[in-house]
Amino acid sequence: MSKETPCIAVCMIDPGTGLCFGCGRTLPEIASWHRLNSAERRAVMALLPQRMADAGLSPPGDTRAE
């Protein structure tokens with residue numbers, strides 16, 4: 001995986017879940033992202049799709065929920 005960030009430039013935090021609507025990360029994860037190594041970033045990114053699904057969130061432009 002060459003892309004080392006899940007950021008899609010939709011940086012808004014859902015007040016109910018504390019997750020970013022765009023990528024699914026928490027504010028602490030976003031703030032510490034630059035300090036994580038590649039393996040740590042990939043580990044967090046692997047959790048994001050399920051985390052967003054569990055929270056009922058989908059990235060903007062995702063038509064699967066329609």
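## A polar contact at Arg 41

A polar contact is a pair of N or O atoms within 3.5 Å. In this predicted model, the side chain of Arg 41 makes such a contact with the backbone oxygen of Leu 36, at 3.3 Å.

Arg 41 lies in helix H2, which spans residues 38-55. Its relative accessibility is 16%. Buried means under 20%, so Arg 41 counts as buried. Leaving aside residues up to four places away in sequence, Arg 41 touches Glu 4, Trp 33, His 34 and Leu 36. Leu 36 therefore appears twice for Arg 41: as a touching residue and as the owner of the backbone oxygen that the side chain reaches.

## Overall make-up

The protein has 66 residues, and 27% of them are buried. Its secondary structure consists of two helices and zero strands. H1 covers residues 27-32. H2 covers residues 38-55.

The accessible surface comes to about 4,400 Å². Carbon and sulfur atoms account for 60% of that surface. Of the contacts between residues at least 6 apart in sequence, 51% join residues at least 24 apart.

## Arg 25: buried, without a salt bridge

Arg 25 sits in the segment before H1. The residue is buried, yet it has no salt bridge. The nearest side chain of opposite charge belongs to Glu 29, 6.1 Å away. A salt bridge needs a side-chain nitrogen of Lys or Arg within 4 Å of a carboxyl oxygen of Asp or Glu.

The contacts of Arg 25 are listed without residues up to four places away in sequence. They include Thr 5, Pro 6 and Cys 7. Ile 13, Gly 18, Leu 19 and Cys 20 are also among them. So are Ile 30, Trp 33, Leu 48 and Arg 51. Trp 33 is touched by Arg 25 and also by Arg 41.

## A nonpolar surface patch

Ile 13, Leu 27 and Ile 30 form a nonpolar patch on the surface. Together they have about 230 Å² of accessible area. Two patch members, Ile 13 and Ile 30, are touched by the buried Arg 25.

Leu 27 belongs to helix H1. Its relative accessible area is 52%. Exposed means over 50%, so Leu 27 is exposed.

## Ala 9: a positive phi

Ala 9 is not a glycine, but its phi is positive, at about 65 degrees. Like Arg 25, Ala 9 is found in the segment before H1. Ala 9 counts as exposed because its relative accessibility is 65%.

Definitions and conventions:
Residues are numbered from 1 along each chain as its sequence is written. This is a predicted model: local features need pLDDT of at least 70, side-chain atom pairs count only at pLDDT 80 or more; totals for chains, interfaces and linings use all residues. Side-chain values use heavy atoms; hydrogens and water are left out. Patches are made of residues with over 30% relative accessible area and no salt bridge: like charges are joined within 9 Å, nonpolar side chains (Val, Leu, Ile, Met, Phe, Trp, Tyr) within 5 Å. Accessible areas come from the Shrake-Rupley method with a 1.4 Å probe; for residues, only the protein chains shown count as cover. Helices (H or I, at least four residues) and strands (E, at least two) are DSSP runs, numbered from the N terminus. Buried means under 20% relative accessible area, exposed over 50%, partly exposed in between (1.4 Å probe, protein chains only). Lys and Arg count as positive and Asp and Glu as negative; His and the chain ends are not counted. Contact means heavy atoms within 4.5 Å. A polar contact is a pair of N or O atoms within 3.5 Å; within protein, one must be able to donate a hydrogen and the other to accept it, and residues adjacent in sequence count only if both atoms are side-chain atoms.
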